[in-house]
Amino acid sequence: MGIELPEGYVPATEYILVNDAGEYIGIFNLRHELNEYLANHAGHIGYGIAKKYRGQGYASRGLVLALQEAKKHDIHTAYLSVNKDNLASLKVQQKNGAYIDHEDENEFYTRIVID
């Protein structure tokens with residue numbers, strides 16, 4: 001809820017992605033707002049999928065769900081980042097409408113406009 005957060009922290013919600021069997025698949029972190037650091041780096045949404053479930057569409061589906069939640073928090077353009085050596089994650093983001101806004105030597109910084 002953002003109450004009494006330490007300096008530099010923003011309100012955020014963590015979502016755990018589970019499959020129909022109740023197995024832990026991954027985690028999605030939605031930051032409800034951005035400070036200067038987050039706006040230039042990690043962005044609104046960060047996620048990770050357990051190794052044994054990668055390449056099975058879970059990241060794409062989880063990102064769809066995270067974007068739906070972002071919209072509920074009046075986020076109209078989601079900021080994300082991805083390591084340049086993680087092209088699979090970049091493809092997940094692009095599948096969900098991301099474009100590369102800028103980059104540095106280590107990361108791509110993407111944006112997804114939420115309808």
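This report describes the sheets, a helix packing, the largest pocket and several individual residues of a predicted model.

## Sheet of strands 1, 2 and 3

Three strands make up an open sheet with the order 1-2-3, and their pairing is antiparallel. Strand 1 (12-18) and strand 3 are at the edges with a single partner strand each, so one side of each has no neighbour in the sheet. On average, and with direction ignored, neighbouring strands of this sheet are turned by 15 degrees against each other.

Seven bridges connect strand 1 and strand 2 in the antiparallel sense. Within this pairing, T13 is opposite L30 of strand 2. The hairpin of strand 1 and strand 2 has five residues between the strands, and G22 in that hairpin has a positive phi near 80 degrees. Strand 2 (residues 24-31) is joined to strand 3 by five bridges, again with the strands running antiparallel. Here I27 has G48 of strand 3 as its bridge partner.

## Sheet of strands 4, 5 and 6

Another open sheet of three strands has the order 4-6-5, with antiparallel pairing. Its edge strands are strand 4 (77-83) and strand 5 (99-103), each of which pairs on one side only. The average turn between neighbouring strands of this sheet is 30 degrees, direction ignored.

Strand 4 and strand 6 (residues 107-113) run antiparallel and are joined by seven bridges. A78 is placed opposite I112 of strand 6. As a general point, the strands of a sheet pair through backbone hydrogen bonds, in either a parallel or an antiparallel arrangement.

## Helix 2 and the largest pocket

Helix 2 lies across strand 1, strand 2 and strand 3, and runs at about 30 degrees to strand 2. Helix 2 (58-72) also contributes to the lining of the largest pocket, as do strand 3 (45-49), strand 4 and helix 3 (87-95); each of these elements supplies at least two lining residues.

The volume of the largest pocket is about 500 Å³. Its lining consists of 25 residues, of which Y47, G48, A59, N86 and S89 are the closest to the pocket centre. By class, the lining residues divide into 10 nonpolar, 11 polar and four charged. G48 thus appears both in this group around the pocket centre and as the bridge partner of I27.

## Buried residues

R31 belongs to strand 2. With a relative accessible area of 14%, R31 is buried, because the cut-off for buried is under 20%. Leaving out residues up to four places away in sequence, R31 touches V10, P11, A12, L38, A42, G43, H44, I45, G46 and I75. One of these contacts, H44, is 13 residues from R31 in sequence, and the two C-alpha atoms are 4.7 Å apart.

F108 is part of strand 6 and is buried at 13% relative accessibility. Beyond residues up to four places away in sequence, F108 touches L80, S81, V82, K84, L87, L90, I100, H102 and E103. F108 and L90 are 18 residues apart along the chain, with their C-alpha atoms separated by 8.1 Å. Q93, in helix 3, is buried with a relative accessible area of 0%. By the same sequence exclusion, the contacts of Q93 are Y47, L63, L80, S81, V82, A98, T110 and I112. L80, S81 and V82 are among the contacts of both F108 and Q93.

## Exposed loop residues

G55 is located in the loop between strand 3 and helix 2. Its relative accessible area of 85% makes G55 exposed, since exposed means over 50%. The C-alpha atoms of G55 and K95 are separated by 13 Å, and the two residues are 40 apart along the chain.

D74 lies in the loop between helix 2 and strand 4 and counts as exposed at 59% relative accessibility. D74 has a positive phi of about 60 degrees although it is not a glycine. In general, most residues other than glycine have a negative phi.

Notes. Residues are numbered from 1 along each chain as its sequence is written. This is a predicted model: local features need pLDDT of at least 70, side-chain atom pairs count only at pLDDT 80 or more; totals for chains, interfaces and linings use all residues. Side-chain values use heavy atoms; hydrogens and water are left out. Two strands pair if DSSP finds at least two bridges between them. Helices (H or I, at least four residues) and strands (E, at least two) are DSSP runs, numbered from the N terminus. Axes are lines fitted to C-alpha atoms, for helices over the stretch in contact, and angles run from 0 to 180 degrees between N-to-C directions. On a 1 Å grid over the protein atoms alone, a cavity is a set of points where a 1.4 Å probe fits but cannot get out, and a pocket is an open set with protein on both sides within 12 Å along at least five of seven lines; lining residues have an atom within 4 Å of a point. Grid points are joined across faces, edges and corners, and a volume is the space filled by probe spheres set on the points. Ala, Val, Leu, Ile, Met, Phe, Trp, Tyr, Cys and Pro count as nonpolar, Asp, Glu, Lys and Arg as charged, and the others, Gly among them, as polar. Contact means heavy atoms within 4.5 Å. Buried means under 20% relative accessible area, exposed over 50%, partly exposed in between (1.4 Å probe, protein chains only).
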